[in-house]
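Hi everyone, thanks for making time for this. I'd like to walk you through one model today, so let's get it up on the screen.

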Amino acid sequence: MRYAYGVAAALLIGGSAFSVATGPVGAQVAQNSPAAMPPTGAPMSFADLAAKLQPAVVNIQTKQRVPVRGGQSDPLADFLRRFGQPGQGGDSPDSPGATSRTTGSLGSGFIISADGYVVTNNHLIQGANGTGTVDSVTVILSDRRELPARIIGRDPSSDLALLKVEGSNFPYVNWGDSQRARVGDWVMAIGNPYGLGGTVTAGIISALHRGITGAGAYDRYIQTDASINMGNSGGPMFDLNGNVIGINSALISPTGASVGIGLAIPAELAKPVIESLRKGQRPQRGYLGISLQGIEESDAAALGIPKNQGELVRSVVPGQPAQRAGIQQGDVILTVGGRPVTPDETASYLISLVTPGQRVPIEVVRDGRRQTLNAVVAQRPTDEELAKIGAGGTAPDQNPFDPNDQSQPAVPAGQALGLSIQPLTPDIARAVQVPASTRGVVITNVNPNSDAAEKGLKRGDVIISVNRQAVASSAQVAAVVDAARKAGRSAVLLLVKRGAAPEYFIGVDIAG
């Protein structure tokens, strides 16, 4: 089970409103008035449903031998050797080579066909070092039979995997329609929390389209308050008709145990991936070659667009479909194939639904003007290929400037941004660890009471552009800020580079 610590900020792992007019046309009643509320009731018991479904839910047990670096020995073996007993489970501590030990995981899964296909999470069967797969997988049925399983296919992007056990006439379950799920619907989960197989929990759908990573087409979970713990990974989430509408995959918790925020991959996303894996095919999902970021309130003010509409293009991969279509860094994508980009339906999600090779219209806003570009969507590269394309480190935490160094005087860029800046020279570029090709101005001081400080800007950050206009001096920054103020904007959009990390946009309020 993947989980995230902390609930206050961003993390690791709707229904429709209605009213009923009872009087003259246009009259409205309270949302919870007797006339407006349909008859509802909790199930008297989940026992019959659980009894039907439990035979199709399985426990997943994996094993893998992993190397142990020299010098890291087994404490029990050390203890036995001290008393003249041979150590077990590894090489002698005098052996120059690395020893190894057996590791494994316990999780859940469910059978989707009578001939023994089993769905589970990829992170259960992935290798301990994040690559490859485990050495063996065992599926434990509800009648306690243990069957070896083959890995048919896996998809790290969606965290899904498909296994196969030999045999016939297995009990199995069908997929449901997660697109019809509503906040407040009852759901039931069955799994193997902490190795306690056959555990049934129930709750309601707490939220839909819940994002926990802030990026990616599969950052779109069903949230439930049904108890989900470590070991529930890969297990099914059922609706009251007994259909699988989700795959329990993550939880949000400050302790690592359930606090009532469990997350499941919706069936609408999982089913196509599993069908592709079953056919021995790579899952088909569209790819443009862009990185995106959400639009905060200050970003929207800087761009002159309503908030919660569209996503900002942070970068464009050279030679990929987005660049060929004319999409540029700083564009705001408003629609994909006519469907609006919203927090619930992100651009990544909408693009992933497009069949590779298909041409799709993409509406963008650039410098305040709307235009439609047509892109031929490609097949999304593997995670390994994407890692090579977007290779880069994280921003350094060390401050590259000495505050007592008077050889680098702070040059005010005006009080509007609460920043002091100076041109980026080759020496400073090396000091702040940005590529030598970077052009812009470097922040030398941040007013702690400014919006820029609140947004996280700090000394050593490099500002590449302001409102999509390249800047190389404090005068250019001041000119763009002044033009934005005269245009009635309350914020400007900065493109910032921090160390080896990717560039990102941030909206900063204009003071005064």
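Let me start with a small puzzle: is Gly-260 buried, partly exposed or exposed? Before I answer, please keep in mind that this is a predicted model. With a relative accessible area of 24%, Gly-260 comes out as partly exposed, because buried would require a value under 20% and exposed one over 50%. You'll find Gly-260 in the loop that runs between β12 (244-252) and β13 (262-266). Leaving aside residues up to four places away in sequence, Gly-260 touches Thr-224 and Asp-225. Ile-228 is 32 residues from Gly-260 in sequence, yet the C-alpha to C-alpha separation is 7.6 Å.

Let's move to strand β10 (residues 221-224), where Gln-223 sits. Gln-223 is buried, at 10% relative accessible area. So who keeps Gln-223 company? Not counting residues up to four places away in sequence, its contacts include Ile-204, Ile-205, Ile-261 and Leu-263. Arg-210 is another residue that Gln-223 touches, and the two side chains share a polar contact of 2.6 Å.

Now let me zoom out for a moment. The protein chain has 512 residues, and 44% of them are buried. DSSP gives 11 helices and 28 strands in the chain. About 25400 Å² of the protein chain is exposed, with carbon and sulfur atoms supplying 50% of that area.

On to the inside. In soluble globular proteins, nonpolar side chains tend to be buried together. Here, the largest nonpolar core holds 54 residues, and the members touching the most others are Trp-175, Leu-288, Ile-290 and Ile-333. The most generous contributor to this core is helix α4 (residues 267-278), which gives 6 residues. There is also a second, separate core of 22 residues, including Val-446, Val-480, Val-492 and Val-508. If you'd like to click on one residue, try Ile-290: with residues up to four places away in sequence left out, those it touches include Val-313, Val-316, Ile-327, Ile-333 and Ile-351.

Not every nonpolar side chain is hidden, though. Tyr-194, Leu-196 and Met-230 make up a nonpolar patch on the surface, with about 310 Å² of accessible area together. Of these, Tyr-194 belongs to the loop between β8 (186-191) and β9 (199-210).

Finally, the charges. Side chains of opposite charge can pair when their charged atoms come close. The count here is 12 salt bridges. Which residues does the network around Asp-331 link? Asp-331, Arg-366, Asp-367 and Arg-468 are joined in it by salt bridges. Asp-331 meets Arg-366 at 2.8 Å, N to O. Since Asp-331 is in the loop between α6 (321-325) and β17 (332-336) and Arg-366 is in strand β19 (residues 359-366), this pair ties together parts 35 residues apart in sequence. Asp-331 is buried at 0% relative accessible area, and Arg-366 is buried too, at 12%.

Asp-331 also forms a salt bridge with Arg-468, at 3.9 Å, N to O. Arg-468 lies in the loop between β25 (462-466) and β26 (469-470), so this second pair ties together parts that are 137 residues apart in sequence. Arg-468 itself is partly exposed, at 22%.

One last pair: Asp-451 and Lys-455 form a salt bridge, with their closest N and O atoms 2.9 Å apart. Asp-451 is buried at 17%, whereas Lys-455 is partly exposed at 32%. Thanks for listening!

Definitions and conventions:
Residues are numbered from 1 along each chain as its sequence is written. This is a predicted model: local features need pLDDT of at least 70, side-chain atom pairs count only at pLDDT 80 or more; totals for chains, interfaces and linings use all residues. Side-chain values use heavy atoms; hydrogens and water are left out. A nonpolar core is a set of buried Ala, Val, Leu, Ile, Met, Phe, Trp, Tyr and Cys residues joined through side-chain atoms within 4.5 Å. Buried means under 20% relative accessible area, exposed over 50%, partly exposed in between (1.4 Å probe, protein chains only). Helices (H or I, at least four residues) and strands (E, at least two) are DSSP runs, numbered from the N terminus. Contact means heavy atoms within 4.5 Å. Patches are made of residues with over 30% relative accessible area and no salt bridge: like charges are joined within 9 Å, nonpolar side chains (Val, Leu, Ile, Met, Phe, Trp, Tyr) within 5 Å. Accessible areas come from the Shrake-Rupley method with a 1.4 Å probe; for residues, only the protein chains shown count as cover. A salt bridge is a side-chain nitrogen of Lys or Arg within 4 Å of a carboxyl oxygen of Asp or Glu. A polar contact is a pair of N or O atoms within 3.5 Å; within protein, one must be able to donate a hydrogen and the other to accept it, and residues adjacent in sequence count only if both atoms are side-chain atoms.
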